[in-house]
Amino acid sequence: MKRIMQWLFRRPVVWLAEQVSSSPKEKDVFISLSRLMEAIREGKANKGPVVPFQATIDRFIIFSDMHKGAKDLADDFRLAEGNYMAALKYYDDLQFTLINLGDCEELWENTPRAVIDKNRLTLLEEAKFLQQGRYFRVFGNHDLEWSYAIQQNLFLKPIFGEKLSILEGLILTTTYNEKKYSIFLTHGHQGDKRSDGNRFSKWVVAAIWTPIQRYLEITINTTADSFDLIDRHNVIMYEWSATQRNLIFISGHTHKPVFASLDHIDRLTKQLEKATAAGNTELANSIRADLEKRKLEYAGKRFVKTMAHPSYFNSGCCCFSDGDITGIEIADGFIRLVKWKIMEGDYVRQVLEESPLSYVFDLL
């Protein structure tokens, strides 16, 4: 009976979730992102810091959209937790700075206390970075409650300590060829009227979506029936970034990895074409397998637009339905899109895309 109900209700339930979760408008997104970036540059501490870095020395790992839940069937993070914990240990050992880029916890579906109680070990691993001065945490639309001091003091600071700051964004700055370049980071929900702190959307998700999701075992990430919406949001954020000078923009929010303004599914397709043309059967088969694995996440993709200016990156998410996670590394003079996955019983880091930062800067 449950399988029949899953088949009957999967599309309408996912449609409902999408209607209340996202509605990006170009004008609103442009205005909101520009205001936030300027506020950070002007030194408004409640918005976020400007952080100088040396491209060949400093190391950053950017993860977003864990959506840590209550370890029930509605928890999209539960399958990815092993990969995420292995990744945190790897980056801590190598002295990376961790940037959590929003929607770290799922507070539309759960109470803060339930999420904290069920994810204490993961949060303690994140807190290790803060204790060593290598941590930034940005809020998103699904963990917007963390932007309030009362919630921070009640739930997060007992784990992270008093040094914890919850940011709306931050800017990394560096110099290359005697020019100053910036990397602007924020979750990416700004200007989206249905995601940017909307009480009605939050109520629908908590009161209607979550009980149905929990009973039918339906997750948004495995039933991507309308990815044109997410593509459109990525394109809007790309178009904003292309209007800026000497700027790279990194966001999360859409759950869809983007590297140098080209989404990963397009890159895989191009790589498959090259491998096939070169007669590299082994590589072509490997790429086909990866494309097949991702077909659910990218099913229904219809909104296509060329993004030529390499100014926009998206970290993807840490709650893919197969337990994989993706993130953006900035290290050793390179920027990389990485994936962590289980392979032969072990957690493995895989570089999906990489480029010298200098090459990206030259093209901006």
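These legends go with close-up views of a predicted model.

**View 1. Helix H2 and its buried face.**
Here we're looking at H2, a helix of 16 residues spanning 26-41. From its first C-alpha to its last it reaches 23 Å, close to the 22 Å expected at 1.5 Å a residue. Val29, Leu33, Leu36, Met37, Ala39 and Ile40 are the buried residues of H2. Look down the axis and these buried residues of H2 fall within an arc of 160 degrees, so they line one face of the helix. That fits the usual helical geometry: with 3.6 residues a turn, residues three or four places apart point the same way. Turn to the face of H2 that points away from the buried side and you'll find the exposed residues Lys27 and Arg35. Just past the end of H2 sits Gly43, with a positive phi of about 90 degrees.

**View 2. Strand E6 and its two neighbours, E1 and E7.**
E6 covers residues 169-176, and six of those eight residues are buried, which leaves the strand mostly covered. With E1 (residues 50-52), E6 pairs in the parallel sense over three bridges. One pair to pick out is Pro52 with its bridge partner in E6, Thr173. With E7 (residues 179-186) things go the other way: the two strands run antiparallel, joined by eight bridges. Tyr176 stands opposite Lys179 of E7. E6 and E7 make a hairpin with two residues between them, and Asn177 in the turn has a positive phi of about 50 degrees.

**View 3. The seven-stranded sheet and the helices on it.**
This one shows an open sheet of seven strands with mixed pairing, in the order E5-E4-E3-E2-E12-E13-E14. The edges belong to E5 (166-167) and E14 (346-356), each of which pairs on one side only. Helix H3 (residues 81-93) packs on the sheet, touching E2 (60-63), E3 (97-101), E12, E13 and E14. The direction of H3 makes about 130 degrees with that of E13. Another helix to look for is H5 (residues 120-131), lying across E3 and E4 (135-138) and running at about 125 degrees to E4.

**View 4. Strand E12, seen with E2 and E13.**
Now we zoom in on E12, where seven of the seven residues are buried, so the strand is largely enclosed by the rest of the structure. Ile325, Gly327, Glu329 and Ala331 point one way from E12, while Thr326, Ile328 and Ile330 point the other way. Both sets are buried, Glu329 and Thr326 included. E12 pairs with E2 in the antiparallel sense over three bridges, and Ile62 has Ile328 of E12 as its bridge partner. E13 (residues 334-343) also runs antiparallel to E12 (residues 325-331), with seven bridges joining them. Along that pairing, Thr326 stands opposite Lys339 of E13. Two residues lie between the strands in the hairpin of E12 and E13, and Asp332 there takes a positive phi near 55 degrees.

**View 5. Helix H6 and what covers it.**
H6 (residues 149-160) has twelve residues, yet its end C-alpha atoms are only 14 Å apart. A straight helix would reach 16 Å at 1.5 Å a residue, so H6 comes up short. Its buried residues are Gln151, Gln152, Phe155, Leu156, Lys157, Ile159 and Phe160. What covers the buried residues of H6 includes helix H4 (112-118), H5, E4 and E5. After H6 comes Gly161, with a positive phi near 100 degrees.

**View 6. Ser251 and its surroundings.**
Last up is Ser251, which belongs to strand E8 (residues 247-251). Its relative accessibility is 0%, so Ser251 counts as buried. A polar contact of 2.9 Å joins the side chains of Ser251 and Tyr312. Leaving aside residues up to four places away in sequence, Ser251 touches Leu101, Thr186, His187, Gly188, Met237, Tyr312, Phe313, Asn314 and Ser315.

Notes
Residues are numbered from 1 along each chain as its sequence is written. This is a predicted model: local features need pLDDT of at least 70, side-chain atom pairs count only at pLDDT 80 or more; totals for chains, interfaces and linings use all residues. Side-chain values use heavy atoms; hydrogens and water are left out. Buried means under 20% relative accessible area, exposed over 50%, partly exposed in between (1.4 Å probe, protein chains only). Helices (H or I, at least four residues) and strands (E, at least two) are DSSP runs, numbered from the N terminus. Two strands pair if DSSP finds at least two bridges between them. The arc is that of the directions from the helix axis to the C-beta atoms. Contact means heavy atoms within 4.5 Å. Axes are lines fitted to C-alpha atoms, for helices over the stretch in contact, and angles run from 0 to 180 degrees between N-to-C directions. A polar contact is a pair of N or O atoms within 3.5 Å; within protein, one must be able to donate a hydrogen and the other to accept it, and residues adjacent in sequence count only if both atoms are side-chain atoms.
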